[in-house]
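Here are a few notes to read alongside the model. They go from the overall layout down to a helix and a pair of cysteines.

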Amino acid sequence: MSFDITNLKVGFIGAGKMAQGIARGLLSSGKVQPSSVIVSSPSSKNHGFFLDFGIATTHSNTTVVQSSHIIFLVVKPHLISTVLNEVSSLITSQQIIISVAAGITIAKLEELLPPNSAVLRLMPNLPCVVQEGALLFSRGTHASEKEADLLRSLLSSCGLVEEGPESFIDIHTGLSGSGIAYVYMFAEAMADGAIKMGMPSSLAHRIAAQTILGAGKLLRDSGQHPAQLRADVCTPGGTTIFGLHALERGGLRSTTMDAVEAATERARELGRK
Ligand SMILES: NC(=O)c1ccc[n+]([C@@H]2O[C@H](COP(=O)([O-])OP(=O)(O)OC[C@H]3O[C@@H](n4cnc5c(N)ncnc54)[C@H](OP(=O)(O)O)[C@@H]3O)[C@@H](O)[C@H]2O)c1
């Protein structure tokens, strides 16, 4: 299967938060024009977002399938069977199907699709909407390196795009999908600490957000191990080592590892249901 990326038609079945995030990244990569994208959903309530970008919208999933080379399935997991039962007979081996539905395995998708369908399972996280997502994908039986390269290229503006075995998808959910909530909780707690010490709430929250953003950027862009960056700000007898000691007393590291483990186990459990 080979595609000329400049003529690629991209379809989305589902128009909610994640479809919007991926579509935004897709367009800002400049590789796909709005006129080459089409989106379907039963109601029009999310259509305005796409129409503002010049993207066509429809209530018909079959129209999306009939007009697209690449089809993103961006509906809630419990609707995947319904949607694929509706459109499966129209899908050809020349198309690529990308599912973002949490817990729906590649085996299940391949079972619902015609034989030899090229399937990829993608797990994004919400910061896709600000083009700072962490996305992990796995290839199905009939998806080759070519399809993987195409997906990487299309989604390069959504954030970090990595490929891994399907068994990593639930770990990615525990680390990154749910992980953003751990970071929000940490941000809230940091700001609360500052409020306790007398700083006004709105200022404390702005500074906490920027501190997390700055630390994340430095960590990613420097390529250094977090322990090294942490050591770099620990002056002997200084403020940071006193703060870190308090975090160690509270078991921050062990609790965070437990959180990733618990969320991963829960993702596995939901996937089995
Ligand atoms: N949000 C996240 O952080 C996140 C992260 C990773 C993976 N995901 C996955 O992304 C998928 C979508 O999540 P979301 O957060 O974007 O959900 P969402 O905001 O609720 O959007 C779901 C969309 O599906 C549409 N829909 C419902 N039934 C449909 C049908 N029969 N045919 C076509 N479209 C239909 C809805 O239409 P209406 O607009 O008419 O309601 C809506 O536009 C889920 O499978 C989820 O597991 C989400």
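1. Start with the layout: the protein chain is assigned domain 1 (5-165) and domain 2 (177-272), with bounds that come from an automatic or database domain assignment. Their C-alpha centres sit 32 Å apart.

2. A word on the basis: this is a predicted model, where local features need pLDDT of at least 70, side-chain atom pairs count only at pLDDT 80 or more, and totals for chains, interfaces and linings use all residues. Residues are numbered from 1 along each chain as its sequence is written, and side-chain values use heavy atoms, leaving out hydrogens and water.

3. Where the domains meet, five residues of domain 1 are in contact (heavy atoms within 4.5 Å) with four residues of domain 2. About 340 Å² is buried between them, 58% of it from carbon and sulfur atoms; that is the accessible area (1.4 Å probe) lost on putting the two parts together, summed over both. On the domain 1 side, G103, N125 and E132 supply 67% of the buried area, more than any other three residues.

4. Now look at helix α12 (a DSSP run of H or I, at least four residues, numbered from the N terminus), which covers residues 252-272. Its buried residues (under 20% relative accessible area, 1.4 Å probe, protein chains only) are V260, A263, T264 and A267. They lie on the same side of α12 because they cover an arc of only 100° around the axis, taken from the directions from the helix axis to the C-beta atoms. These residues pack against α7 (167-177) and α8 (179-196).

5. Why are there zero disulfides (cysteine sulfur pairs within 2.5 Å) in the whole structure? Take C128: its closest cysteine sulfur, in C158, is 4.8 Å away, too far for a bond. C128 is buried, at 0% relative accessibility, and C158 is likewise buried at 0%.

Conventions
A disulfide is a pair of cysteine sulfur atoms within 2.5 Å. Buried means under 20% relative accessible area, exposed over 50%, partly exposed in between (1.4 Å probe, protein chains only). Helices (H or I, at least four residues) and strands (E, at least two) are DSSP runs, numbered from the N terminus. The expected span of a helix is 1.5 Å times one less than its number of residues.
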